[in-house]
Amino acid sequence: MTAPHGFSFFKPVFVYKPAQNGGKYCHGGERPLQMQVNEKTKTIELWLTRAEKNDPAFRASLKPLYQQYTAQKYIVAVFLSGDGDLYQQTRDLLIYNRKRLAEQEVQKQRQSAIFM
């Protein structure tokens, strides 16, 4: 994975520094901006924290990055940190999926019983 070029165009308050691991950039002195570059699928994934998500200046500073990669025919996906309880949300999703799967199994059994 190679680091993207051309970060000198960022003019806002934030300073971007290449992190030790390729494909990730620092947001000022804080933790690295979570950025994953997949050259095979030509996709860029940006994972924003709640603070980054809620900072309009930071969000605006990413526009040149979007434009740069869009021009290179990459798909840029931005994932935003949510406000919900991760444990509760995951639990509810798993319960829903299990219930849905059980309903589908019952429907399959009913369909096969009709055709016999």
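**Figure 1. Contacts of R59 with L48, E52, K53 and L80.** Leaving aside residues up to four places away in sequence, R59 touches L48, E52, K53 and L80, a contact being heavy atoms within 4.5 Å. The model is predicted: local features need pLDDT of at least 70 and side-chain atom pairs count only at pLDDT 80 or more, while totals for chains, interfaces and linings use all residues. Residues are numbered from 1 along each chain as its sequence is written, and side-chain values use heavy atoms, with hydrogens and water left out. R59 belongs to helix α2, residues 56-61; helices (H or I, at least four residues) and strands (E, at least two) are DSSP runs numbered from the N terminus. With a relative accessible area of 30%, R59 is partly exposed; buried means under 20%, exposed over 50%, and partly exposed in between, with a 1.4 Å probe and protein chains only. Although R59 and L48 are eleven residues apart along the chain, 9.4 Å separates their C-alpha atoms. The R59 side chain also reaches the backbone oxygen of K53, at 3.1 Å.

**Figure 2. Surroundings of K53 and A51 in helix α1.** K53 lies in helix α1 and counts as buried, at 18% relative accessibility. Beyond residues up to four places away in sequence, K53 is in contact with L48, R59, L80, S81, G82 and D83. A51 is likewise placed in α1, which covers residues 50-53; this alanine counts as exposed because its relative accessibility is 56%. From A51 to L80 the C-alpha distance is 10.0 Å, for a separation of 29 residues in sequence.

**Figure 3. S61 and its polar contact in helix α2.** S61 lies in helix α2 and is buried, with a relative accessible area of 1%. A polar atom of the S61 side chain is found 2.6 Å from the backbone oxygen of F58. A polar contact is a pair of N or O atoms within 3.5 Å; within protein, one must be able to donate a hydrogen and the other to accept it, and residues adjacent in sequence count only if both atoms are side-chain atoms.

**Figure 4. Strand β4 and its partner β5.** Side chains alternate along β4, residues 43-48. I44, L46 and L48 point to one face and are buried, whereas T43, E45 and W47 point to the other and are not. Six bridges join β4 in the parallel sense to strand β5, residues 75-80; two strands pair if DSSP finds at least two bridges between them. L80 of β5 is the bridge partner of L48.

**Figure 5. Lysines with positive phi in two loops.** K42 is located in the loop between β3 (32-38) and β4. Its phi is positive, about 55 degrees, although K42 is not a glycine. K42 is partly exposed, at a relative accessible area of 33%. K73 occupies the loop between α3 (63-71) and β5. For K73, also a residue other than glycine, phi is near 65 degrees, and a relative accessible area of 69% makes this lysine exposed.

**Figure 6. Helix α4 and the residues at its start.** At the beginning of α4, a side-chain oxygen of D85 comes to within 3.2 Å of the backbone nitrogen of Y87. The 29 residues of α4 should span 42 Å at 1.5 Å a residue, and the distance of 42 Å between the end C-alpha atoms agrees; the expected span is 1.5 Å times one less than the number of residues. Among the elements of the chain, α4 (residues 86-114) has the highest mean pLDDT, 92, and strand β1 (residues 16-18) the lowest, 37; pLDDT is the predictor's confidence in each residue, from 0 to 100. Residues 1-26 have pLDDT below 50, and this stretch makes 62 contacts in the model beyond near neighbours in sequence.

**Figure 7. The chain as a whole.** From the N terminus on, the order of elements is β-β-β-β-α-α-α-β-α, giving four helices and five strands. Mean pLDDT over the chain is 76, with 72% of residues at 70 or more. Of the 116 residues, 23% are buried. Among contacts with a separation of 6 or more, 49% involve residues 24 or more positions apart. About 8700 Å² of the chain is exposed, 57% of it supplied by carbon and sulfur atoms; accessible areas come from the Shrake-Rupley method with a 1.4 Å probe, and for residues only the protein chains shown count as cover.
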